[in-house]
Amino acid sequence: MNSPVILSIGEISQRTGIATSALRFYESIGLIRSQRNRGNQRRFQRAVIRRVAVIKAAQRAGIPLDDIGQVMGTLPADRAPTSSEWKRFSNSWKRDLEARIGQLTRIKDDLAGCIGCGCLSIENCALINPNDELARVLVGTSKLERGTRPLETPS
Ligand code: FES
């Protein structure tokens with residue numbers, strides 16, 4: 001039986017383009033795992049390269065490390081994700097990305113409405129009071145009854 005390929009942290013860094021400090025951080029939060037040799041140096045299985053590739057791709061898509069950790073936690077630590085696992089992860093992250101794009105587009109549109117306005121109304125500005133969230137606080141009053149109340153300026 002062949003023994004698994006064992007790589008140093010420097011070799012993992014070279015092959016993935018990820019700094020050794022980042023690799024140590026990934027290990028500290030459980031995204032990757034190493035073993036120690038007799039000299040107490042980290043040694044990684046080859047599968048770690050693909051795990052790091054998944055982490056890198058997810059980070060590029062803006063996925064928070066906590067979310068990446070949850071997904072990676074569903075895999076055994078000593079093997080790379082399979083093609084079908086990668087497909088499942090990437091589809092899920094694509095949906096997250098689309099939701100964030102939608103949210104950012106709405107914020108951009110709200111901001112466009114504010115350009116040149118300057119009212120800074122706590123109640124009527126869509127950027128400050130998205131979806132009229134203030135209405136939940138001020139139950140029983142309509143937007144029109146509340147009128148425009150600009151932010152107080154410091155004296
Ligand atoms: S500043 Fe946002 S609507 Fe006036």
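This report describes the overall fold, the salt bridges, two charged residues, an aromatic cluster and a nonpolar surface patch of a predicted model.

**Overall fold**

The chain has seven helices and three strands, and these elements follow the pattern β-α-α-β-β-α-α-α-α-α when read along the sequence. Of the 155 residues in the chain, buried residues make up 24%. When contacts between residues at least 6 apart in sequence are considered, 51% join residues at least 24 apart. The chain exposes about 10,700 Å², and carbon and sulfur atoms supply 53% of that area.

**Salt bridges**

The structure holds three salt bridges, which are listed below with their N to O distances and with the relative accessible area of each partner.

| Salt bridge | N to O distance | Relative accessible area |
|---|---|---|
| Arg-42 and Glu-27 | 2.5 Å | Arg-42 21%, Glu-27 18% |
| Glu-85 and Arg-79 | 2.8 Å | Glu-85 12%, Arg-79 29% |
| Lys-94 and Glu-98 | 3.3 Å | Lys-94 47%, Glu-98 45% |

The side chains of Arg-42 and Glu-27 meet in a salt bridge at 2.5 Å. Arg-42 lies in strand S3 (residues 42-45) and Glu-27 in helix H2 (residues 20-28), so this pair ties together parts that are 15 residues apart in sequence. Arg-42 counts as partly exposed because its relative accessibility is 21%, and the partly exposed class begins where the buried class, under 20%, ends. Glu-27, at 18% relative accessibility, counts as buried.

The salt bridge between Lys-94 and Glu-98, at 3.3 Å, is contained in one helix: both residues lie in helix H5, four residues apart, which is about one turn of the helix. Lys-94 is partly exposed at 47% relative accessibility, and Glu-98 is likewise partly exposed, with a relative accessible area of 45%.

**Glu-85 and its partner Arg-79**

Glu-85 has its place in helix H5 and is buried, with a relative accessible area of 12%. Which side chain forms a polar contact with that of Glu-85? The partner is Arg-79, whose side chain is joined to that of Glu-85 by a polar contact of 2.8 Å, and the two side chains also meet in a salt bridge with an N to O distance of 2.8 Å. Arg-79 is partly exposed, with a relative accessible area of 29%, whereas Glu-85 is buried. When neighbours within four places in sequence are left aside, Glu-85 is in contact with Leu-75, Arg-79 and Ala-80.

**Arg-51**

Arg-51 is found in helix H3 (residues 47-60). Is this arginine, Arg-51, buried or exposed? Arg-51 counts as buried because its relative accessibility is 2%, against a limit of under 20% for that class. The side chain of Arg-51 reaches the backbone oxygen of Leu-31 at 3.1 Å. Apart from its neighbours within four places in sequence, Arg-51 is in contact with Leu-31, Ile-32, Met-72, Leu-75, Pro-76, Ala-77, Arg-79, Ala-80 and Pro-81. Leu-75, Arg-79 and Ala-80 therefore appear in the contact lists of both Arg-51 and Glu-85, where contact stands for heavy atoms within 4.5 Å.

**Aromatic cluster**

The count of aromatic pairs comes to two. Trp-86 and Trp-93 form an edge-to-face pair, with 6.2 Å centre to centre and 70 degrees between the planes. Phe-89 and Trp-93 form a tilted pair, with 5.9 Å centre to centre and 40 degrees between the planes. Being four residues apart in helix H5 (residues 83-114), Phe-89 and Trp-93 are separated by about one helical turn. Together, Trp-86, Phe-89 and Trp-93 form one aromatic cluster. Within this cluster, Phe-89 and Trp-93 are both buried, the relative accessible area of Trp-93 being 5%, while Trp-86 is partly exposed, with a relative accessible area of 32%.

**Nonpolar surface patch**

A nonpolar surface patch of about 700 Å² is made by Leu-104, Ile-107, Leu-111, Ile-115, Leu-120, Ile-122, Leu-127 and Ile-128. One of its members, Ile-115, has its place in the loop between H5 and helix H6 (134-137). At 68% relative accessibility, Ile-115 counts as exposed.

Technical notes:
Residues are numbered from 1 along each chain as its sequence is written. This is a predicted model: local features need pLDDT of at least 70, side-chain atom pairs count only at pLDDT 80 or more; totals for chains, interfaces and linings use all residues. Side-chain values use heavy atoms; hydrogens and water are left out. Helices (H or I, at least four residues) and strands (E, at least two) are DSSP runs, numbered from the N terminus. Buried means under 20% relative accessible area, exposed over 50%, partly exposed in between (1.4 Å probe, protein chains only). A polar contact is a pair of N or O atoms within 3.5 Å; within protein, one must be able to donate a hydrogen and the other to accept it, and residues adjacent in sequence count only if both atoms are side-chain atoms. Rings of Phe, Tyr and Trp (its six-membered ring) pair if their centres lie within 6.5 Å; planes under 30 degrees apart count as stacked, over 60 as edge-to-face and the rest as tilted. Patches are made of residues with over 30% relative accessible area and no salt bridge: like charges are joined within 9 Å, nonpolar side chains (Val, Leu, Ile, Met, Phe, Trp, Tyr) within 5 Å. Accessible areas come from the Shrake-Rupley method with a 1.4 Å probe; for residues, only the protein chains shown count as cover. A salt bridge is a side-chain nitrogen of Lys or Arg within 4 Å of a carboxyl oxygen of Asp or Glu.
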